[in-house]
Structures are given as C-alpha cells and as structure tokens.
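Me: I would like a close look at a single part of this structure, together with an account of what surrounds that part. Please write for a first-year student and keep the explanation connected.

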Amino acid sequence: MTTEKVIIVTGGSGLVGKAIEWVIENDNGRFGRKDGEKWIFLTKATRAIFEKYKPTHVIHLAALVGGLFKNLKYKLDFLRDNLLINDNVLHTAHEYKVEKVVSCLSTCVFPDKTTYPIDETMIHNGPPHHSNFGYAYAKRLIDTQNKAYFDQFGHRFTSVIPTNVFGPHDNYDLQDSHVIPGLIHKCYLAKKNGTPFVVAGTGKPLRQFIYSRDLAKLFIWVLREYDQIDPIILSVGEKDEVSIKDVADTIVKYLGFGGSYSFDTTKADGQFKKTASNAKLLSYLPDFEFTQFDVAIQESVNWFLENYDKARTGNPT
Ligand code: GDP
C-alpha cells in the first residue's frame, strides 16, 4: 500500500496557484488528479496549517510580486517580505519533515550582464538588473537555502524558474501588474471609454511568456518526477520570444480595439531581454506541448471580460 501524498500549495489563490488547481481538476491526462494525492490550496502559510495538514509535499508560490513599475518603487519590501516568507515556508517545511518543496523563482534572478541564452547554471554569476534587485536577491537565496538544506539535512527542496507568466486570475492592476494583464486592462478601458491606448516604454524589449496553465502542468510534473536540487527553467523556447509591441498588437486584436494606440517612451523599458534556454526542460519532456501564444492571449482576454467583477483590477478611474 502506498502512503497518501498531502500537497499544500502556498499562494494558492494567485495566478499560478489557481492554474495548478485548474489543471488538477480539469486535465484528463498525465497532469490531472491522481489517486493517493490530496491537494490543499492555501492563501497563507503558517505553522498552524502545517500542523493541521502534516503535508508531505509543498509547492511554494506565496510571494510579494509585481511588474517592473512596482519593483522600481518597493525594493526593500520586495527584498524583506520575500526573504521572510521564504524562510518561514522552507524552515517550517524542514521542521515538519516535508519530503519535497518546489519553490518558484523568476528569470529576473539572472545576472543583468550575461551571455544568451541564459541557463540554470548562471543564477549567481553577477548582479541582477537594478530595477528589481530586491526581488531578485530574495529569490536567488531560495536556491542557496535549498542547497544548504540538502548539504546539512539531505532535504529534497528544489526550485523552478518560469519566464513571464500570464493567464486567468492574473493581477490586472493598472500600475502594479505585469505587462500582459496591465495592457489587457488598459486596452479594455480605452475601448470602453473611447480614449487612447498607451503602452509604457518603447515596445522593443523581448520576453518569453508562458501561459499559467502550461506552467501549472510543469509544476505538477516537477513535484512528482524532477529529483534535482538545482533549479530548472520552465519556458517556451528561444524562438518563441516576442516583443512588447507584439504583445500589445495581440491584445488589440483580441479586444477588437480600433482606437488610437501609441508608446510612451518616457516610461522605463526595464531589461531589454533575458532570453532563457529551455534545453534542460526539453531533455526531460521533449514532447511537451505549449499553448500557442495567440490562443493563450485570447483565453486570457476572454477570462478577463467574463470575470471583470471579480478580477483583481485595483482601482480603475
Ligand atoms: P519584467 O520586466 O519582465 O519583470 O515584467 P513586466 O511584465 O513588468 O514587463 C515589463 C515590460 O513591459 C517593460 O518593457 C515595460 O516597459 C513594458 N510595459 C508596457 N506597458 C506596461 C504596463 O502596463 N505594465 C508593465 N508592468 N509593463 C509594461
């Protein structure tokens, strides 16, 4: 008889947590619900919750997150809150003898000055970009802490590095969100109010975007099958990198926006690119099928339109 796995997901109400919950409930193939697994989606990670569920596995998503403009404003908060959240979750997992923890990093952990494509071995090679160093250092230290838990105690605590994530249940705040939800919301308001649609920056920076439901499948696979302590990049390929202008064009298309559309070049561009290699991922899952960018944007726009009342939209004026 196999013992039941009890999996808790910290940050269970966020973009990635909701996507994992969706895949567990809706995927009829290898990523969906399995016998012998109990999944619990949390909005807070506390000792009381570990005490109550006695988890054997943890997916650690809880974090203070935000787009470029929020990162520029709150460097200390991003550093401190994330250090404290991570230490709390990892050390509680240690104390409760959790078998495996999968934590979520981000490609902004990588050095700003680097060669491309970036791979998993480069995390600690040089300082991250100045725009989000608070978040980047806090997240890098998860990898350091995982290695220390392994060396000192033999724990299987690992991490994944997704590229830019988007999808249903995103944060659609106008100032503090990431680019895709921010632009969906702005374009929606421009269409509704007959006002111009203004995209921050030059539109030239390049990003690899991963649909949250694809990422969710990969998280579930990492939890069940990936056994290294070293992180793994979860991303579409280098050829699927798109510009911010491509993103804005696709949103304009699916929202059916026909009004004035421009770029505000007085606003920051952030990092020009952070092209990451998914070769390690493909060495494990060569046949993994990513959702086409167009399709994923269309689904995200539709989700936003259908859920405007309950979406996290900040305070639109
Ligand atoms: P990151 O820079 O990869 O961490 O992530 P973001 O999702 O914040 O993307 C930032 C890029 O999108 C920058 O080049 C911004 O100039 C551009 N951008 C354009 N409009 C927006 C917007 O409304 N919000 C955000 N966050 N970025 C925007």
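**Ser212 and its surroundings**

Reply: Leaving aside residues up to four places away in sequence, Ser212 touches Leu15, Ala19, Val165, Phe166, Gly167 and Pro168. The model described here is predicted. Ser212 itself is found in helix H7. Because its relative accessibility is 0%, and buried means under 20%, Ser212 counts as buried.

The partners of Ser212 can be placed on other elements. Helix H1 covers residues 15-26, and Leu15 and Ala19 are among the residues that Ser212 touches. Strand E6 covers residues 164-166, and Val165 and Phe166 are also touched by Ser212.

Helix H7, which spans residues 212-225, is one of the elements that give two or more residues to the largest nonpolar core. This core has 31 residues, and those with the most contacts inside it are Ile20, Trp39, Ile59 and Phe219. Besides H7, the elements giving two or more residues are strand E1 (5-10), helix H1 (15-26), strand E4 (100-104) and strand E10 (232-234). The most is given by H7, with 8 residues. Phe219 touches Val16, Ile20, Ile59, Leu61, Val102, Cys104 and Val160, again not counting residues up to four places away in sequence. A second, separate core has 29 residues, including Leu174, Ile184, Phe197 and Ile297.

The loop that follows strand E6 deserves attention as well. His169 is found in the loop between strand E6 (164-166) and H6. The phi angle of His169 is near 70 degrees, a positive value in a residue other than glycine. His169 counts as partly exposed because its relative accessibility is 24%, whereas Ser212 counts as buried.

At the other end of this loop is helix H6 (179-193), which leads to the ligand. Helix H6 is the source of the largest share of the shell around the ligand, 3 residues. In total, 17 residues surround the ligand, and the closest are Val179, Lys186, Arg207, Ala268 and Asp269. Three polar contacts can be described individually. An N or O atom in the side chain of Lys186 is 2.7 Å from an oxygen atom of the ligand. For Lys274, a polar side-chain atom lies 2.8 Å from an oxygen atom of the ligand. In the case of Ser177, a backbone N or O atom lies 2.9 Å from a nitrogen atom of the ligand. The ligand taken alone exposes 540 Å², of which the protein buries 96%. Two or more residues of the shell come from each of helix H3 (68-73), helix H6 (179-193) and strand E7 (197-200).

Two further loops have backbone features of their own. Tyr116 and Pro117 are joined by a cis peptide bond, with omega of about -5 degrees. Pro117 lies in the loop between E4 and helix H5 (133-153). Lys54 is not a glycine, yet it has a positive phi of about 45 degrees. The loop that holds Lys54 runs between helix H2 (47-53) and strand E3 (57-60), and Lys54 is partly exposed, with a relative accessible area of 47%.

Finally, the UniProt record can be set beside this picture. In an unreviewed entry, UniProt lists residues 7-235 for "domain: NAD-dependent epimerase/dehydratase". Over residues 7-235, the chain is 42% helix and 17% strand, and the end C-alpha atoms are 24 Å apart.

Definitions and conventions. Residues are numbered from 1 along each chain as its sequence is written. This is a predicted model: local features need pLDDT of at least 70, side-chain atom pairs count only at pLDDT 80 or more; totals for chains, interfaces and linings use all residues. Side-chain values use heavy atoms; hydrogens and water are left out. UniProt positions are given in the numbering used here, feature names are shortened, and annotations may be inferred rather than shown by experiment. Helices (H or I, at least four residues) and strands (E, at least two) are DSSP runs, numbered from the N terminus. A nonpolar core is a set of buried Ala, Val, Leu, Ile, Met, Phe, Trp, Tyr and Cys residues joined through side-chain atoms within 4.5 Å. Buried means under 20% relative accessible area, exposed over 50%, partly exposed in between (1.4 Å probe, protein chains only). Contact means heavy atoms within 4.5 Å. A residue is near a molecule or strand if one of its heavy atoms lies within 4 Å of it. A polar contact is a pair of N or O atoms within 3.5 Å; within protein, one must be able to donate a hydrogen and the other to accept it, and residues adjacent in sequence count only if both atoms are side-chain atoms. Accessible areas come from the Shrake-Rupley method with a 1.4 Å probe; for residues, only the protein chains shown count as cover.
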